[in-house]
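Colleague: I'm new to reading models like this one. Could you walk me through a few features?

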Amino acid sequence: MENKENQNKVSRRNLIKAGSKTLIVMSVLPTGIIVGKEKAWAAKAKSLKNDTFATLIQVSRDIYPHDKLDDKYYANVVAGFDAAAGKSKADKDLFENGLVGLQQASIGKYNKKYRDVGWETQRVQLLRDIEKTAFFQKIRGTLITGIYNNQEVWPLFGFEGESSPMGGYLNRGFDDISWL
Amino acid sequence: MSKKFGLNDDGVVVVIGSGAGGGTLGTELALKGVKTVILEAGSRHEVPDFKNDEWGMFGKISWLDKRTTSGDWRVARDFSGLPAWIVKAVGGSTIHWAGASLRFQKHEFKVKTHYGNIPGANLLDWPIDLKEMEPWYSKAEDRMGVTRTHGIPGLPGNNNFKIMKKGADNLGYKHCHTGRMAINSKPRDGRGSCLQIGFCFQGCKSAAKWSTLYSEIPKGEATGNLEVRPNSQVLRINHDKYGKVSSVLYADKSGNKKLQKARVVCVAGNSIESPRLLLNSSSSKFPDGLANSSGQVGKNYMRHMTGSVYATFDKPVNMHRGTTMAGIITDESRHDTSRGFVGGYEMETLSLGLPFMSAFLDPGAWGREFSSALDMYNHMAGMWLVGEDMPQESNNISLHPTEKDQYGLAIPNVHFDDHPNDIAMRNHGYKQGAAVYDSVGAVRTFPTPPYPSTHNLGTNRMSAKARDGVVNKWGQTHDVKNLFVSDGSVFTTGASENPTLTIVSLALRQADRIASEMSKKNI
């Protein structure tokens with residue numbers, strides 16, 4: 001009930017850039033190092049395949065796309081998946097097998113691998129088809145804390161974090177709204 | 001500093017739990033000269049241990065022991081192992097609570113009379129009324145320092161409140177203010193005033209908010225009549241051959257089992273653990289669970305009709321700054337069936353930090369529709385809807401048929417289905433909440449589903465007749481005269497108000513009764 005109502009409510013105020021193209025510019029070097037745009041960040045897969053690592057970064061951005069967030073924040077979460085895969089065969093299988101399925105679906109639908117599908121809406125369609133799987137839910141659930149509980153991103157959203165060391169907001173704008 | 005009582009001291013009152021009910025009761029008994037032991041399952045953290053960190057404090061203080069869920073409520077899908085968002089620590093959920101302290105309305109003690117027969121609802125009038133409770137409400141408000149009572153000024157309004165107030169005025173609502181809050185608006189009772197820190201749910205760093213942890217228990221301990229034992233998980237309440245309770249079995253921090261003798265036992269473990277303990281204390285004399293001759297232990301579980309409305313605006317709001325819940329519209333809390341439901345609901349300001357907003361705005365949602373809302377985090381305002389839900393006998397706490405905890409005891413399952421009245425009320429609240437924000441120029445509004453339950457009520461309900469409930473008007477069980485229940489599980493019905501003030505008022509009244517009955521040797 002609530003979910004349906006939510007969807008109705010939001011679509012009524014349709015401000016969504018549904019067609020945004022946010023394909024991550026990154027390359028996998030022969031050494032296995034994955035390098036972001038203008039070498040702003042780099043990561044190296046230790047346990048997952050290079051293509052798996054790189055594709056999961058794109059999947060992560062497609063699940064919670066924030067144009068203002070640098071790719072490195074998504075890559076950091078994927079590095080955690082890579083570390084988990086190094087410790088647990090079950091985790092490694094979850095990611096690798098999930099990726100195989102995703103790539104097969106992508107090629108079947110668009111005749112391209114996931115990272116080569118140019119439009120977010122098209123990639124999201126592939127994800128909608130698997131959103132109930134353990135593979136997808138593992139990624140999504142981890143992103144919730146991996147992205148939004150990362151203190152480095154808080155200023156980009158205007159969340160100011162702890163306030164008690166600064167004496168709270170009593171003298172720092174708790175009631176400073178000026179546009180009402 | 002704190003007195004220690006012996007395990008074989010059979011003259012003590014044992015209180016199980018140290019939150020709004022147990023912490024208040026234990027302290028008040030000690031102040032009256034009654035020897036009291038509080039057994040608290042959680043650890044003792046103090047104010048310096050609190051941090052303005054949502055997930056960090058969640059991991060530190062929440063009740064995270066294994067539980068299961070069933071029913072059509074969305075919590076069972078999104079948070080299947082976390083039916084309730086409550087605290088396991090000395091102070092209980094008074095560490096986490098927002099501070100809203102509202103009296104019930106007169107009709108809310110007598111809803112069977114006022115609402116009549118509602119199909120599917122197990123309605124019952126309370127065996128007490130507002131007139132009887134008024135002096136206890138007054139005493140509790142004074143003790144807790146509730147704003148807008150006893151000459152205590154209201155808190156100043158923060159940004160989130162200012163948006164709510166403007167919208168309330170636009171819609172013609174007449175009753176919107178910064179709430180009756182057990183948060184000091186000026187120094188009182190040895191505690192300072194609110195610094196507008198935010199993070200009220202993570203433990204108040206300035207101790208301006210009333211909590212049994214630091215506002216009550218230390219006063220009880222100072223009398224020499226109160227001992228609080230943290231990390232003491234009660235496993236079973238034992239009785240003697242006459243059917244009177246005689247001792248309490250608990251596990252200490254190391255898992256060692258200990259038996260504390262008792263003259264009186266008061267159960268205040270919140271509405272999931274309290275009935276679970278009674279059910280797990282079954283014996284040949286009480287085969288269906290202790291104090292359960294009515295079959296009502298664990299039944300009629302209520303969680304309040306809840307939901308939230310968040311909205312984004314063109315310009316910044318910074319709702320996270322300042323007191324989380326110091327803002328209320330009470331106009332919709334009336335009983336007025338022209339809206340399509342019985343009972344009413346309150347609209348109260350609410351904010352979450354970015355970490356919790358991502359988890360609770362629309363649990364499980366993903367994609368740009370969702371992330372674009374979070375992009376506007378500092379342009380968001382928010383409110384919580386809290387209203388009366390219908391008690392249903394089939395909504396219950398039951399013992400899991402197979403799953404056991406680390407002590408080998410059955411874990412609780414929490415079953416909840418929304419009643420059609422709950423759904424109608426929530427939809428009305430979503431519509432009115434969105435209207436408040438639309439009138440102030442909201443860009444988007446978000447009807448957010450209920451969080452894991454913070455208000456857990458009704459599973460040992462109070463009744464005039466023994467066959468209708470578990471406890472009498474004093475919270476004394478109908479079946480066992482020296483066994484009391486002292487938390488929100490005694491609520492016959494839930495009313496539309498946040499429950500803590502009523503729990504505290506009932507605990508103060510119960511302390512008076514227990515002390516009196518003990519001195520008369522009736523118990």
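Modeller: Sure, let's start where the two chains meet, keeping in mind that this is a predicted model. People often describe the size of an interface by the accessible area lost when the parts come together. Here we can count residues instead: 41 from chain A and 48 from chain B take part in the contact.

Colleague: Which helices of chain A each supply at least two residues of the side that touches chain B?

Modeller: Those are helix 1 (2–12), helix 6 (134–148) and helix 7 (154–157). Helix 1 of chain A gives the most, with five residues.

Colleague: And how do the residues on that side of chain A divide into nonpolar, polar and charged?

Modeller: You get 20 nonpolar, eleven polar and ten charged residues there.

Colleague: What does chain A look like as a whole?

Modeller: Chain A has seven helices and three strands. Read from the N terminus, the order is α-β-β-β-α-α-α-α-α-α. Of its 180 residues, 31% count as buried. Look at the contacts in chain A with a separation of 6 or more: 60% of them come from residues 24 or more positions apart.

Colleague: Now chain B. How many bridges join strand 14 to strand 15 there?

Modeller: First, the general idea: side chains in a regular strand alternate between the two faces of the sheet. In chain B, five bridges join strand 14 (residues 396–404) to strand 15 (residues 410–415), and the two run antiparallel. For one facing pair, find B:L399, which stands opposite B:P412 in strand 15.

Colleague: What links those two strands of chain B?

Modeller: They form a hairpin with five residues between them. In the turn, B:G408 has a positive phi of about 85°.

Definitions and conventions:
Residues are numbered from 1 along each chain as its sequence is written. Chains are lettered from A and ligands numbered from 1 in the order in which they are written. This is a predicted model: local features need pLDDT of at least 70, side-chain atom pairs count only at pLDDT 80 or more; totals for chains, interfaces and linings use all residues. Two residues are in contact if their C-beta atoms, placed from the backbone, lie within 7 Å. Helices (H or I, at least four residues) and strands (E, at least two) are DSSP runs, numbered from the N terminus. Ala, Val, Leu, Ile, Met, Phe, Trp, Tyr, Cys and Pro count as nonpolar, Asp, Glu, Lys and Arg as charged, and the others, Gly among them, as polar. A residue is buried if 20 or more other C-beta atoms lie within 10 Å of its own, exposed if 12 or fewer, and partly exposed in between; C-beta atoms are placed from the backbone. Two strands pair if DSSP finds at least two bridges between them.
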